[in-house]
Number of protein chains: 4
Amino acid sequence: MQSRIPASRATGGRPRNAAADTAILAATREALVDLGWSKLTLGDVATRAGVAKTTLYRRWAGKNELVVDAVAELFDELRLPDRGSLAADIEGVVLQFAAILARPEAKSGLMAVVAESTRDDALRERIRASIVDRQKRLVLEGRARALTRGELPPEPDPATATRTIDLIFDVVAGAVVHRTLVSAEQADEDWVRDFTRLLLHGLTPLGGARGGANRPPQNPAGSV
Amino acid sequence: MQSRIPASRATGGRPRNAAADTAILAATREALVDLGWSKLTLGDVATRAGVAKTTLYRRWAGKNELVVDAVAELFDELRLPDRGSLAADIEGVVLQFAAILARPEAKSGLMAVVAESTRDDALRERIRASIVDRQKRLVLEGRARALTRGELPPEPDPATATRTIDLIFDVVAGAVVHRTLVSAEQADEDWVRDFTRLLLHGLTPLGGARGGANRPPQNPAGSV
Amino acid sequence: MQSRIPASRATGGRPRNAAADTAILAATREALVDLGWSKLTLGDVATRAGVAKTTLYRRWAGKNELVVDAVAELFDELRLPDRGSLAADIEGVVLQFAAILARPEAKSGLMAVVAESTRDDALRERIRASIVDRQKRLVLEGRARALTRGELPPEPDPATATRTIDLIFDVVAGAVVHRTLVSAEQADEDWVRDFTRLLLHGLTPLGGARGGANRPPQNPAGSV
Amino acid sequence: MQSRIPASRATGGRPRNAAADTAILAATREALVDLGWSKLTLGDVATRAGVAKTTLYRRWAGKNELVVDAVAELFDELRLPDRGSLAADIEGVVLQFAAILARPEAKSGLMAVVAESTRDDALRERIRASIVDRQKRLVLEGRARALTRGELPPEPDPATATRTIDLIFDVVAGAVVHRTLVSAEQADEDWVRDFTRLLLHGLTPLGGARGGANRPPQNPAGSV
DNA sequence: ATGTAAACGAGACGGTACGTCGTGTCTTGAA
DNA sequence: TTCAAGACACGACGTACCGTCTCGTTTACAT
């Protein structure tokens, strides 16, 4: 979680300027918006932050680590609202997630570091710790709340529960990311409602092709 | 679809060496495997292909365009098998997709160019044309086949049908990509079976928690 | 003297376009004026001449050879006028030489190929044959005319005569070139008159410091 | 005189490595000897000097400026010896000048930058300041010494004196350069003696064709 | 208050890759 | 066989960043 390089442990010496961290991360996000990941340079970030390049390298190992931290802060605001039902909870959290992903600094930065992480285990671990796990925890909380409400059956086997949670997480996060970045369409309220219905009921909600009268016509999921 | 820079004129002048294209794209994939997207250099690709750097720049505008074409060829083999049922068809095509994504040249290259495409509309269009649409067509074919089999109800409104197809595509592709790249886990047969069940039946298949006897106990979907 | 590559001796085949030579040399001089030697490119010359690069390389071995030929044509107009006295003849020919050197295509090209010739014996020989010897012949003619007029004593020893002619040639040509290119001043009529007087009478015309009354005050030579 | 690009600021930042300048200029002369001006590349010079290409570009604007500085150092050793008479002084200094010009790094480099300077006023000024003026000063000193000795008559008009000095300088420097580079012959002691005699006494030393007995027979000047 | 030690700004440094340009060769089809 | 056109292998260009380094200066804490 703590991805910055720690300061020297010796007592003496001038302490680090704490404001610099904030300024650097903000400058990084600003540069992501202006330039995107591939054109972002650490020299430029340092200049934007009003800091020497040395200071930056004293605290982060490189561009990837810096961008992970800068993007991770965007996900701090992610919360699981209690909207009364599982469907409403899912819609709420997915909308929040979509709103963050819609920001250009997230778009530019997140996928780039994920792409980098395919060849760098330490980087992937860092992303997992500071970004992904934070999201996955919401799935856990949501499931617990649904269990309490009786909306989902309890799963006695913990291994199966973990598998299911991982699956749901990949489906939810993957769908929103794909919609936003690949299809380049907004994950708006309509889409989220459709998605939630698909997630809860699937393509063939009644086990066959009997489109029931209880499904509103504007809902496409389940009637492909 | 045609992303290479076209040759200057129909007549006059030495024609382009057609074999060079093949060699360059193969060299690009090789370099993606060895170095990953961010460390891949066009000079190195040219050397691997036994070609001058200028030849490369004569045909592709830059690294992104080259990588898109190189990765796109990986998806040429993607086909929709006829396995007799909608569930089996989905499992088949998702497994194929997962197998391609598991290859390091796809992992490294695909997400990187998608990340780049967030700031480059032409690049996104190129990705859509040469990679994404090819995948989406499988969804269309699969739906048509399921309709023929009577596994899905017909959708009279074409706009709704399009929305649904887009949604399913984002869910399927997004889930596999997220599983493979972010969670960094293999999308193996077990996972694909779980995913397909979730896609078809949702989390609450019968509107409640009545897991049927026909579901094997190792299947977590629908019983969170 | 003939520095172009000869056409193939075989009878058959399309004959060379004779006008191309003229056009290429003119284009070379034009490019020398516009760009100078170091920025002149053979592709650009070919374009200016309305000729393919191949045609150019079929006739000249390279940039140096081409520029030598192009510059050599400038010296075709150099003639020894008969102005009635040795001094007047010298002034006449030096003024002509200076006028040619004042042209930008000569300035740019001549010294550059001379510089190149310090490392290329074939090039130096070509310069000697097509440019330098043509100039030196004027010295020979001028001396012959002066001998006829009785302005100079005959030199019985041919080796000594050659040495002297070489010396005079280096002094005359060197002085004009240095004035024009290094000092970057015009070799105008006043300068040529001063130079001729120095050449004929030296710094100490009467073997001492007795500046004669016959020298006009505006003449500096001999009264340093 | 100072042709290097100055360092950024007085205070702050790592200071420039002074030894690099020396190494770069020496490497430049070495490359001039090995390759000549036109084949000399800044990358090669940097490698020879054990320095990064960027370091080189940080200090010199380009090839021409670098070569001027490298060649200028060759002329540092040029001194006016006191050999007792004007003729002997001239011979001495001309021999020194010829010795420098005979070196391949001077041959290759000097004329090339002079050729370049015909299209670049700043370069010509730089050459003048760091090479030419240093030579011309010797003419001034030589004249002053000759005046003291009474070998030359004083010139009351300063403008005429300047004109004369410029003329003599162009004659001396031009003759040696032409002899060395164009005629490609050594300016050895014999030639220098002949040249000096011509400079002092001219072609017609006694106003006619009466070769005096005091001239040794091996001297051709004055008896053309 | 003074010494010590680290952080800091500035920027030079050795590298690597960039994307472009010029060279001289070649390969085509037309004349 | 020449010519126009232009692709090609090669290699240098001058620039931009990288991540490291070396300065002189500043800032806190321990003496």
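Student: What makes the approach of Arg58(D) to a phosphate oxygen of DNA strand E a polar contact?

Tutor: In this predicted model, an N or O atom in the side chain of Arg58(D) is 3.3 Å from a phosphate oxygen of DNA strand E. A polar contact needs a pair of N or O atoms within 3.5 Å, so the pair qualifies.

Student: Which atoms of DNA strand E do Thr54(D) and Gly13(A) approach?

Tutor: Both approach bases. A polar side-chain atom of Thr54(D) lies 3.3 Å from a base oxygen of the strand. For Gly13(A) the partner is a base nitrogen, 3.4 Å from a polar backbone atom of that residue. Each distance is within 3.5 Å, so each pair is a polar contact.

Student: How do you know which part of DNA strand E supplies the atoms within 4 Å of the protein?

Tutor: By sorting those atoms: 61% belong to sugar or phosphate, and the rest to bases.

Student: Which residues come nearest to DNA strand E, and what makes a residue count as being around the strand?

Tutor: Arg59(A), Tyr57(B), Gly13(D), Thr55(D) and Arg59(D) come nearest, out of 47 residues around the strand. A residue is counted if one of its heavy atoms lies within 4 Å of the strand. By class, the surface near DNA strand E divides into 13 nonpolar, 21 polar and 13 charged residues.

Student: Which helices supply at least two residues each of the surface near DNA strand E?

Tutor: H3 does so in chain A and in chain D, while chains B and C each contribute through both helix H2 (42-49) and H3.

Student: And for DNA strand F, which helices each supply at least two residues of the nearby surface?

Tutor: There, helix H2 (42-49) and helix H3 (53-59) of chain A and of chain D are listed, along with helix H3 (53-59) of chain B and of chain C. The surface near strand F has twelve nonpolar, 21 polar and 13 charged residues. Of the 46 residues around this strand, those that come nearest are Tyr57(A), Gly13(B), Arg59(B), Arg59(C) and Tyr57(D).

Student: What are the partner atoms on DNA strand F for Lys53(A), Lys53(D) and Leu42(D)?

Tutor: The side chain of Lys53(A) has an N or O atom 2.9 Å from a base oxygen. For the side chain of Lys53(D), an N or O atom is 3.0 Å from a base nitrogen. Leu42(D) uses a polar backbone atom, 3.1 Å from a phosphate oxygen. Of the atoms of strand F within 4 Å of the protein, 64% belong to sugar or phosphate and the rest to bases.

Student: Turning to the protein, why is the pair Arg163(A) and Asp194(B) called a salt bridge?

Tutor: The N to O distance between the two side chains is 2.5 Å. The rule asks for a side-chain nitrogen of Lys or Arg within 4 Å of a carboxyl oxygen of Asp or Glu, so this pair meets the rule. Two salt bridges are found across the interface of chain B and chain A. The interface also has 20 residue pairs in polar contact.

Student: Which helix gives the largest share of the side of chain B that touches chain A?

Tutor: H8(B), with 15 residues. By class, that side has 32 nonpolar, 17 polar and twelve charged residues.

Student: How do you know how much area chain B and chain A bury between them?

Tutor: Buried area is the accessible area that two parts lose on being put together, summed over both, so the value of about 5500 Å² covers both chains. Carbon and sulfur atoms give 64% of it. In contact terms, 61 residues of chain B meet 61 residues of chain A.

Student: How do you know how the two copies, chain A and chain B, are related?

Tutor: A turn of 179° with a shift of 0.1 Å along the axis lays chain B on chain A, with an RMSD of 0.2 Å. The two copies are thus related as by a two-fold rotation axis. As for the surfaces used, 98% of the interface residues of chain B are also interface residues in chain A, so the copies meet through the same surface.

Student: What salt bridge do Arg163(D) and Asp194(C) form, and how many are counted between chain D and chain C?

Tutor: Their side chains meet at 2.5 Å, N to O, which is within the 4 Å limit. The count between the two chains is two salt bridges. Chain D and chain C bury about 5500 Å² between them, 64% of it on carbon and sulfur atoms.

How values were computed:
Residues numbered from 1 in each chain as written. Chains lettered and ligands numbered in written order. Predicted model: local features only at pLDDT ≥ 70, side-chain atom pairs only at ≥ 80, totals over all residues. Heavy atoms only, no water. Least-squares fit on C-alpha atoms with pLDDT ≥ 70 in both. Contact = heavy atoms within 4.5 Å. Buried area = accessible area lost by both parts, 1.4 Å probe. Polar contact = N/O pair within 3.5 Å; in protein donor to acceptor, adjacent residues only side chain to side chain. Helix = DSSP H or I, 4+ residues; strand = E, 2+ residues; numbered from the N terminus. Nonpolar A, V, L, I, M, F, W, Y, C, P; charged D, E, K, R; others polar.
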